[in-house]
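Q: Please explain how the terms applied to this predicted model are justified. The structure is shown below.

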Protein chains: 2
Amino acid sequence: MENMKKVPECPVEITLQLIGDKWKVLIIRDLLTGTKRFSELMRSVTGITQKVLTSHLRAMEAAGLVSRKVYPEVPPKVEYSLTETGYSLKPILDSMVLWGMQYKSKL
Amino acid sequence: MENMKKVPECPVEITLQLIGDKWKVLIIRDLLTGTKRFSELMRSVTGITQKVLTSHLRAMEAAGLVSRKVYPEVPPKVEYSLTETGYSLKPILDSMVLWGMQYKSKL
DNA sequence: CAGCATCCTTCAGGATACTG
DNA sequence: CAGTATCCTGAAGGATGCTG
């Protein structure tokens, strides 16, 4: 059973496995400001397609970072929000924002 | 001239453009502990190939994150280290390490 | 509205061989 | 040792159409 490489020893690699992806970071950034509907995310995450947004939301849901709430209405309404674990990523995002601003000012 | 999307407005996207890549994060992590030779990086960045390591180092050099020092010897000796800008990424890496550890302990 | 199903393209990254 | 040069594959992601 050498296929248990799902859990790397190194902490950074764990983090990368969960959010080491451009789209995921952008989705989390937008969810940090509060609950969003699917269509809102489609608009706020510039350039993402339905398929990609869906698959990433599913993956993050499975990882316990995002929760999905379906309202049994017509037309359908689905809201996504960060779980406590997902929200705990905020420090990482914050430092990325801070660094990005500093880097930009040096250009 | 709509091809000027090289500099996104959003700080997070700037950061992602420079280190939004699994390999780059791992390379930076290893350089944070000090100057490394090419072969040392090949070993410490588990699983990376020569070509990929080279291309990422070049990109990070161009971005001003990494400096490359060539010693005119035989056999060749090349050392890579973080620039001040590159080192300033440490808080991001630190928060990723911290988060990774916390997430792991919840599994 | 919030998706799922398909098909198709692209290119990051891997494998291999060669060199100053 | 530290690369460069090719070739090649897979899978991430884009485009489009359909539906509960």
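Q: What makes the lining of the largest cavity nonpolar, polar or charged, and how many residues fall in each class?
A: The lining divides into 10 nonpolar, three polar and four charged residues. Ile, Val and Met count as nonpolar, and the residues closest to the centre of this cavity are A:Ile19, A:Val25, A:Met96, B:Ile19 and B:Met96; these five therefore belong to the nonpolar class.

Q: Why is this space called a cavity, and what is its volume?
A: A cavity is a set of points where a 1.4 Å probe fits but cannot get out. The structure holds one such space of 30 Å³ or more, and about 140 Å³ lies in the largest cavity.

Q: Which elements give two or more residues to its lining?
A: They are helices H1 (11-19), H2 (22-31) and H6 (90-106) of chain A, together with H1 (11-19), H2 (22-31) and H6 (90-106) of chain B. H1(B) gives the most, with three residues.

Q: What makes a residue count as near DNA strand C, and how many do so?
A: A heavy atom of the residue must lie within 4 Å of the strand. By this criterion 20 residues surround DNA strand C, the closest being A:Ser39, A:Arg68, A:Tyr80, B:Lys51 and B:Pro76.

Q: Why is the pair formed by A:Gln50 and DNA strand C called a polar contact?
A: The cut-off for a pair of N or O atoms is 3.5 Å. An N or O atom in the side chain of A:Gln50 is 3.1 Å from a base nitrogen of DNA strand C, so the pair qualifies.

Conventions:
Residues numbered from 1 in each chain as written. Chains lettered and ligands numbered in written order. Predicted model: local features only at pLDDT ≥ 70, side-chain atom pairs only at ≥ 80, totals over all residues. Heavy atoms only, no water. 1 Å grid on protein atoms, 1.4 Å probe; cavity = no way out; pocket = protein on both sides within 12 Å on 5 of 7 lines; lining within 4 Å. Points joined across faces, edges and corners; volume = space filled by probe spheres on them. Helix = DSSP H or I, 4+ residues; strand = E, 2+ residues; numbered from the N terminus. Polar contact = N/O pair within 3.5 Å; in protein donor to acceptor, adjacent residues only side chain to side chain.
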